[in-house]
Amino acid sequence: MKKIISSLILVTLLFHSSLVTAQFDPDKVCRIENGRITFSLNPKWTAKEKKEISERFDLDSVLIAKAFKGETTIAIDGDTWTVSKQKSYMLELSKPFLTQSGGKIKRSGELFLLIDGWMKFQGSTTEEQDIYGVNDFEIPNTFIYNDKAWFYLSGNKAAKNVFISGSFNKWSTNQNQMNMANAGWSVYLNLKPGKYLYKYILDGKWIHDPNNKRREKDGAGGYNSVVYCPNHLFELKGYNDAKKVVVTGNFCNWNPRGLALKKIAGGWSLPIYLREGTYAYKFVVDNQWITDPANKDVRKDGSGNLNSFVSIGEPYLFKLYGFPQAKSVVLTGSFNNWNRGEILMQRTDFGWQIPYVIPAGNYEYKFIVDEKWITDPRNPFSTGTGNLENSFIALKANHLFELDNYQDAKNVIVTGSFNGWKPTGYRMKKENGKWIFPIFLKAGKHTYKFIVDGNWIIDPANDLFEQNEYNTNNSVLWIDP
């Protein structure tokens with residue numbers, strides 16, 4: 001067996017665009033997930049096809065033969081492979097992909113680059129990037145979402161087996177079989193609100209949804225269908241004589257064309273998916289802009305205009321203690337493009353507060369107290385210097401940077417690929433003899449360094465590093481999907 005882990009990963013990466021779209025054929029059977037490399041094997045392959053798999057993926061032909069013979073655990077050249085039977089007739093052959101013959105992963109730039117291409121893909125999927133989404137089907141009611149998602153594929157009565165495969169089931173080829181219904185096929189799926197990519201499999205043949213106008217390239221010359229499970233309903237009652245009603249807001253950059261509402265009995269409506277966050281919006285009725293008459297949450301936008309607001313998700317409670325004599329306090333930050341008049345805080349017994357919904361991520365913010373900009377006095381984490389210093393908050397932080405043995409340092413900063421290597425970086429806090437900084441990082445690979453009183457150092461507690469253009473090395477951090 002050709003025992004070269006980097007070659008195996010490289011071959012895998014060459015096929016990753018095909019894997020995520022799950023265009024099944026003997027050339028595209030490999031995937032990496034949950035720390036394991038897995039091959040889907042088809043017992044119906046010919047001897048020629050089995051040989052091709054062996055050569056393309058550096059798999060020992062003996063290994064493949066043992067898998068097809070029914071062995072569930074196979075040890076070859078220090079690796080232990082597991083074989084499991086899937087639904088239908090498929091087999092899955094897998095092993096951990098970050099180990100090799102009992103050794104640790106190599107700390108080489110080449111290997112990290114090979115893995116990095118896949119990890120970046122996993123950490124920045126198109127589903128995460130969409131702020132909003134609206135469905136567009138040729139035939140109404142071929143997709144219905146009401147806690148559960150109902151998919152319907154019309155026609156194809158001659159098909160024997162029909163499956164739906166997509167990002168919701170890791171592109172499984174046999175997990176969600178559809179049932180014959182009326183003049184087509186249907187299936188119910190338990191899906192949370194969000195964006196999903198999918199295709200149908202008719203007797204082994206992959207097709208996109210012919211009734212779905214929403215499509216994205218699949219990386220293999222075809223398309224994946226795109227569907228949104230909505231979590232909000234824009235609704236405007238009345239205006240029955242209007243010719244056109246649209247909704248627009250900060251979620252679509254206030255595009256005046258907006259998103260068209262559908263006329264229904266008694267008014268207009270539009271089911272929509274909105275990513276977690278706070279959104280300003282207005283309706284445009286035959287070119288006349290109006291706030292939502294059914295929504296009491298109306299705020300000024302800083303320019304004298306009024307907008308309706310809707311929040312999706314759990315709010316974070318921003319607090320400012322003190323300042324009892326202040327006439328007004330405004331919260332502003334990177335989450336609302338530093339708007340000076342939009343988020344008016346409420347007076348309380350201890351000071352000021354405002355609940356505000358923003359998605360997981362890293363944010364800078366300040367308070368404006370009677371026109372004077374200040375950082376948060378109770379928040380030890382900040383970025384920048386002088387007048388450009390802002391308070392920093394990581395919502396749903398998933399990593400804690402720590403630096404020990406520098407108790408006498410006066411100023412410690414962490415900076416890296418996640419913030420453009422800014423030398424003013426993220427200011428750490430000294431707590432219990434060590435320096436800490438909580439942060440939210442996307443899945444994948446990140447490089448970083450600490451700046452201790454002006455001196456750049458790699459993380460002494462992290463064995464993973466790679467060479468940089470200055471030959472001073474950078475520490476390497478991996479965040480799991």
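Let me start with S475, which is buried, with a relative accessible area of 0%. Please keep in mind that this is a predicted model. The cut-off for buried is under 20% relative accessible area, so S475, at 0%, falls on the buried side of it.

Where does S475 sit? Its place is in strand β42, which covers residues 474-479. What surrounds it, once its neighbours within four places in sequence are left aside? S475 is then in contact with H446, T447, Y448, I458, D459, N462, L464 and F465. For one of these, D459, there is also a distance to report: the backbone nitrogen of D459 lies 2.7 Å from a polar atom of the S475 side chain.

Next, a strand elsewhere in the chain. Strand β20 runs over residues 267-274, and 7 of its 8 residues are buried, so the rest of the structure largely encloses it.

Which strands pair with β20? I will take three of them in turn. Strand β16, residues 232-237, is joined to β20 by 6 bridges, and the two run antiparallel. On that side, K237 has G267 of β20 as its bridge partner. Strand β6, residues 132-133, is also antiparallel to β20, with 2 bridges between them. Here Y132 is partnered with L274.

The third is strand β19, residues 262-264, which pairs with β20 in the antiparallel sense over 3 bridges. In this pair, the bridge partner of K262 in β20 is S269. Together β19 and β20 form a hairpin, with 2 residues between the strands. If you look at the turn, you will find G266, which has a positive phi of about 90 degrees.

The last item is a sheet. It is open, has 4 strands, and its order is β7-β8-β11-β10, with antiparallel pairing. Which strands are at the edges? They are β7, residues 143-146, and β10, residues 179-181, and each pairs on one side only. From one strand to the next, the twist averages 25 degrees.

Within that sheet, look at β7 and its neighbour β8, residues 148-154. The two strands run antiparallel and are joined by 4 bridges. One residue pair to find in the viewer is Y145 and A149: A149, in β8, is the bridge partner of Y145.

To recap, S475 is buried at 0% relative accessible area, β20 has 7 of 8 residues buried, and the open sheet has 4 strands with antiparallel pairing.

Terms used: Residues numbered from 1 in each chain as written. Predicted model: local features only at pLDDT ≥ 70, side-chain atom pairs only at ≥ 80, totals over all residues. Heavy atoms only, no water. Pairing = 2+ DSSP bridges. Axes fitted to C-alpha atoms, helices over the stretch in contact; angles between N-to-C directions. Buried < 20%, exposed > 50% of the residue type's maximum accessible area, 1.4 Å probe, protein only. Polar contact = N/O pair within 3.5 Å; in protein donor to acceptor, adjacent residues only side chain to side chain. Contact = heavy atoms within 4.5 Å.
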